Number of protein chains: 2
Amino acid sequence: MTRQLKQTEKSPQRNVRKRRREIVDAAARVFAERGYHGTSTQDIADLLGMRQASLYYYFDSKETALEEVCALGAAGFVEKAEEIVRNGLPAQKRLCQLLAAHIAPLDHRADYTRTFLNERKWLPMESRRKVGRMSRRLEAIFERVIREGIRNGEFRNDLNPRMTTLALLGMMNAVSTWYERESIPLDRIAELFGDLALNGARNTDAD
Amino acid sequence: MTRQLKQTEKSPQRNVRKRRREIVDAAARVFAERGYHGTSTQDIADLLGMRQASLYYYFDSKETALEEVCALGAAGFVEKAEEIVRNGLPAQKRLCQLLAAHIAPLDHRADYTRTFLNERKWLPMESRRKVGRMSRRLEAIFERVIREGIRNGEFRNDLNPRMTTLALLGMMNAVSTWYERESIPLDRIAELFGDLALNGARNTDAD
DNA sequence: TGATAATTCTATTGCACTATAGAAAAATAG
DNA sequence: CTATTTTTCTATAGTGCAATAGAATTATCA
């Protein structure tokens with residue numbers, strides 16, 4: 001009896017997990033659309049056809065839902081990047097892969113990534129620091145690839161790894177703000193951005 | 001008498017304009033800090049040491065204050081750019097000047113530019129379209145300089161002017177999110193970003 | 001089926017917020 | 001000094017919101 005109860009409390013049933021995830025999905029959608037402060041828990045419930053108060057069976061607070069959305073959003077960026085950084089390819093190639101991998105979730109996980117990018121600043125201290133650490137992990141990956149490229153001569157040795165990282169991430173993150181308006185496929189964006197980052201705009205054929 | 005009254009209504013006294021501007025300044029500050037939906041009119045009043053209701057002597061609504069902040073924020077970006085685009089210098093030089101001019105207000109008008117960049121999406125239709133037009137004017141300036149650079153051979157002819165513009169603006173706008181943390185002067189950022197945009201990361205001295 | 005647990009519901013509390021009304025106070029002008 | 005205008009104030013209406021309490025419903029399982 002005690003065991004049964006404990007198990008129920010500690011590891012929620014499959015159905016609870018599933019429903020919880022549906023709610024997080026809905027939250028991500030409205031948070032991305034109207035911002036955290038601009039959405040009411042009623043908005044989330046409406047999207048699911050359930051009552052506002054019923055949400056509190058799954059979440060302690062609106063803030064908790066934001067934490068979950070942001071954590072998933074951040075994870076979507078970091079996971080693939082950690083794979084790429086270790087794959088042993090040339091730094092140029094890895095950098096392009098990092099750019100492509102960073103753009104991808106801006107599309108197929110748009111609600112999560114947009115919420116992570118724009119709304120994480122409203123998280124309470126503790127969880128804000130947590131997603132902050134994930135951000136820094138991602139930045140460190142970019143910096144590491146750039147440093148390795150400089151060391152082995154693929155990249156210019158006067159490159160500032162930190163600023164280059166921030167420039168590239170800013171360039172990529174902004175995609176989420178305009179790519180719905182601009183009719184251009186994501187892989188083409190990745191291609192063009194990779195080329196711009198590696199070669200710049202200047203025409204080197206000129207005399 | 002009628003003349004006197006009309007004058008009072010149509011062109012507010014110097015003091016009214018001045019006080020109005022103080023309120024807009026305060027609004028910009030809290031909007032930038034806590035977001036539009038995250039700030040109350042009480043927050044704005046607190047910053048000025050006045051009563052919340054007194055704000056309504058100068059503004060019809062919180063929304064009106066946001067409109068004014070965003071309009072000023074947008075103007076700060078466009079004005080200098082329109083000067084630069086016509087100055088007849090080589091496209092490479094003009095592009096670097098555009099980048100530097102775009103970074104500048106992110107510092108000395110930080111509250112206005114951050115509010116413009118992050119909060120304009122909450123504006124009502126009409127004024128959102130108005131600041132949208134200003135954004136497009138700025139983008140058009142970047143695109144024009146890039147096209148001119150391609151035509152005269154300064155830039156690679158396979159450059160995509162639209163995507164390059166969006167890449168560069170994204171890169172620059174992101175500065176507002178991190179430059180307070182990173183201890184690096186703005187002119188150095190402009191220098192590094194200009195160099196990256198023109199020359200890319202690749203080491204062209206390598207064999 | 002009937003008992004127990006899981007899930008969703010109705011109803012409500014209490015608070016924070018925008019905006020308005022009109023009085024009070026301060027500034028300005030005759 | 002008095003009258004008038006400008007500015008700020010107090011007080012409050014009205015709304016929307018997050019969160020809680022506890023009843024009703026639905027699912028699970030012996």
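Biologist: What makes the surface near DNA strand D divide into nonpolar, polar and charged residues?
Modeller: It comes down to residue type: Ala, Val, Leu, Ile, Met, Phe, Trp, Tyr, Cys and Pro count as nonpolar, Asp, Glu, Lys and Arg as charged, and the others, Gly among them, as polar. On that basis the surface has 7 nonpolar, 7 polar and 3 charged residues. Bear in mind that this is a predicted model, where local features need pLDDT of at least 70, side-chain atom pairs count only at pLDDT 80 or more, and totals for chains, interfaces and linings use all residues. Side-chain values use heavy atoms, without hydrogens or water, residues are numbered from 1 along each chain as its sequence is written, and chains are lettered from A and ligands numbered from 1 in the order in which they are written.

Biologist: How do you know which residues are around DNA strand D?
Modeller: A residue is near a strand if one of its heavy atoms lies within 4 Å of it. There are 17 such residues, and Thr41(A), Tyr56(A), Ser54(B), Tyr57(B) and Tyr58(B) come nearest. Of the strand D atoms within 4 Å of the protein, 66% are sugar or phosphate, and the rest belong to bases.

Biologist: Why does Tyr57(B) count as having a polar contact with a phosphate oxygen of DNA strand D?
Modeller: The term asks for a pair of N or O atoms within 3.5 Å (within protein, one must be able to donate a hydrogen and the other to accept it, and residues adjacent in sequence count only if both atoms are side-chain atoms). A polar side-chain atom of Tyr57(B) is 2.7 Å from a phosphate oxygen of strand D, so the pair qualifies. Phosphate oxygens of strand D also lie 2.9 Å from a side-chain N or O of Ser54(B) and 3.2 Å from one of Arg19(B).

Biologist: And what contacts DNA strand C?
Modeller: It has 17 residues around it, the closest being Ser54(A), Tyr57(A), Tyr58(A), Thr41(B) and Tyr56(B). Side-chain N or O atoms reach phosphate oxygens of strand C at 3.2 Å from Arg19(A) and at 2.7 Å from Tyr57(A). Gln52(B) goes for a base instead: a side-chain N or O sits 3.1 Å from a base nitrogen of strand C.

Biologist: Why are H5(B) and H6(B) called roughly perpendicular?
Modeller: Helices (H or I, at least four residues) and strands (E, at least two) are DSSP runs, numbered from the N terminus. Axes are lines fitted to C-alpha atoms, for helices over the stretch in contact, and angles run from 0 to 180 degrees between N-to-C directions. Under 35 degrees is roughly parallel, over 145 roughly antiparallel, 65 to 115 roughly perpendicular, and the rest oblique. The axes of H5(B) and H6(B) cross at roughly 110°, so the pair is roughly perpendicular. H4(A) and H6(A) cross at roughly 105°, and the verdict is therefore again roughly perpendicular.

Biologist: What makes H5(B) and H6(B) meet, in your terms?
Modeller: Contact means heavy atoms within 4.5 Å. By that rule Pro105(B), Leu106(B), Asp107(B) and His108(B) in H5(B) meet Ala110(B), Thr113(B) and Leu117(B) in H6(B). That contact has 4 nonpolar, 2 polar and 1 charged residues.

Biologist: How do you know how much area is buried between chain A and chain B?
Modeller: Buried area is the accessible area (1.4 Å probe) that two parts lose on being put together, summed over both. Here it is about 3,500 Å², with carbon and sulfur atoms giving 58%. In chain A, Arg156(A), Met163(A) and Arg202(A) lose the most, together 20% of what that side buries. Each chain puts 39 residues into the contact.
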